[in-house]
Amino acid sequence: MRRAGIFFKFKQRRSVTILRRILVIGAFAIVALWSHGLFASPKADGSKITARTVKIYTEDFAPFNYATEDGLTGAGADMVREMAKRLGHDGNFEILPWKRALQIVKAKPGTAVFSMVRTSERENEYKWVGPILVTRGWLYKMTSSSLEIRELDDARKVAAIGVQAGGAAERMLHEQGFNNLAALYTPGNALQLLASDRIDLWEASDLVMEHQRRKFELAASEIEPVIGLGTYRLYLAFSPQTPDFVVRPWQMALEELCRDGTFAAIGRKYGVTMPDDDTAMAPTDEFDLMTR
């Protein structure tokens, strides 16, 4: 009996020793896997490398981003290209019609689009980096027009309001019950449509209007802003399936541009009101389309 007891204790000690060895080996395995990134988000360098692979889309819509003989330019394009440069991204952005670009980015991880207005309706549809630009939105009419537009409800009575196809204003005005929206798939010629009475009102930012006014050689006195639609804050928007560790380096690159003055310099080049400038946006009692 004594020998059997000694033998039993020996077997018990041996089992405990084996169990301890298994636990130690398991612990080392977990540490090794963790250090290789299998149980954790990629390290900073890995995130940066992955961020370089993002496929980025935009549209031909001056002055934010537009094609020239020398390539893609514009306030938004310059801003995102500088961010890409800081990350080692090739800076090659594909120009597509806006609706097509949105379809791709909504469905495909590792993609992004600019320059997009951030709204409450879109908030959970994308992951956001920005703002890269800030400007103001208006409904414009030709000064020579006999239309009396004193409040937003007056705009419901016109035959056609030109809006960017797939843009934030089209979506939000439609949700406000507007049934007289004319979707513009080539918004770069919108002011021509307004001047030729093919649309009655035109929804645009002050920067877009000014760019097209100069392009088509119209006097400033010929176009009149009638209803303020609030503040446009434009972003680089990523597909919702894109991991946060891929998006984060882009925001960090933007913050770096703000710190070293590049951000404000690009804004001043295009006459854009930049968020890091000390000039605050004036408060308004107008219908704030962009924040509803």
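**Close-up views of a predicted model**

**View 1. Strands β7 and β8 pair in the parallel sense.** In this predicted model, β7 covers residues 161–164 and β8 covers residues 181–184. Four bridges link the two strands. Q164 faces L184, a residue of β8. Helix α6, residues 168–175, joins β7 and β8 in a β-α-β unit. The unit is right-handed.

**View 2. An open sheet is built from eight strands.** The strand order is β4-β1-β5-β10-β6-β9-β7-β8. Pairing across the sheet is mixed. β4 (93–95) and β8 are the edge strands; each has a single partner, so one side of each lacks a neighbour in the sheet. From one strand to the next, the twist averages 30°.

**View 3. Strands β6 and β10 run antiparallel.** β6 spans residues 127–142, and β10 spans 223–238. The pair is joined by 13 bridges. Within it, K141 stands opposite E224 of β10.

**View 4. Helix α4 lies across four strands of the sheet: β1, β5, β7 and β10.** The helix is formed by residues 98–107. β1 comprises residues 55–58. Relative to β5, α4 runs at about 130°.

**View 5. One cavity of 30 Å³ or more is found in the structure.** The volume of the largest cavity is about 230 Å³. Its lining counts 22 residues. Nearest the centre lie F61, V117, Q164, E203 and Y232. Q164 is also the β7 residue that stands opposite L184. At least two lining residues come from each of β5 (111–117), β7, α6, β9 (201–205) and β10. β9 makes the largest contribution, with four residues. By class, 15 lining residues are nonpolar, four are polar and three are charged.

**View 6. The largest pocket has a volume of about 310 Å³.** A set of 21 residues lines this pocket. D60, F61, T186, P187 and G188 are the ones nearest its centre. Two or more lining residues are given by each of β2 (66–68), α4 and α8 (206–215). Helix α8 gives the most, with three. The lining divides into 12 nonpolar, five polar and four charged residues. F61 appears here among the residues nearest the pocket centre, and also among those nearest the centre of the largest cavity. Helix α4, which lies across β1, β5, β7 and β10, is one of the elements supplying the pocket lining.

Terms used:
Residues are numbered from 1 along each chain as its sequence is written. This is a predicted model: local features need pLDDT of at least 70, side-chain atom pairs count only at pLDDT 80 or more; totals for chains, interfaces and linings use all residues. Side-chain values use heavy atoms; hydrogens and water are left out. Two strands pair if DSSP finds at least two bridges between them. A crossover is right-handed if, with the strands pointing away from the viewer, the path from the first strand over the helix to the second runs clockwise. On a 1 Å grid over the protein atoms alone, a cavity is a set of points where a 1.4 Å probe fits but cannot get out, and a pocket is an open set with protein on both sides within 12 Å along at least five of seven lines; lining residues have an atom within 4 Å of a point. Grid points are joined across faces, edges and corners, and a volume is the space filled by probe spheres set on the points. Ala, Val, Leu, Ile, Met, Phe, Trp, Tyr, Cys and Pro count as nonpolar, Asp, Glu, Lys and Arg as charged, and the others, Gly among them, as polar. Axes are lines fitted to C-alpha atoms, for helices over the stretch in contact, and angles run from 0 to 180 degrees between N-to-C directions. Contact means heavy atoms within 4.5 Å.
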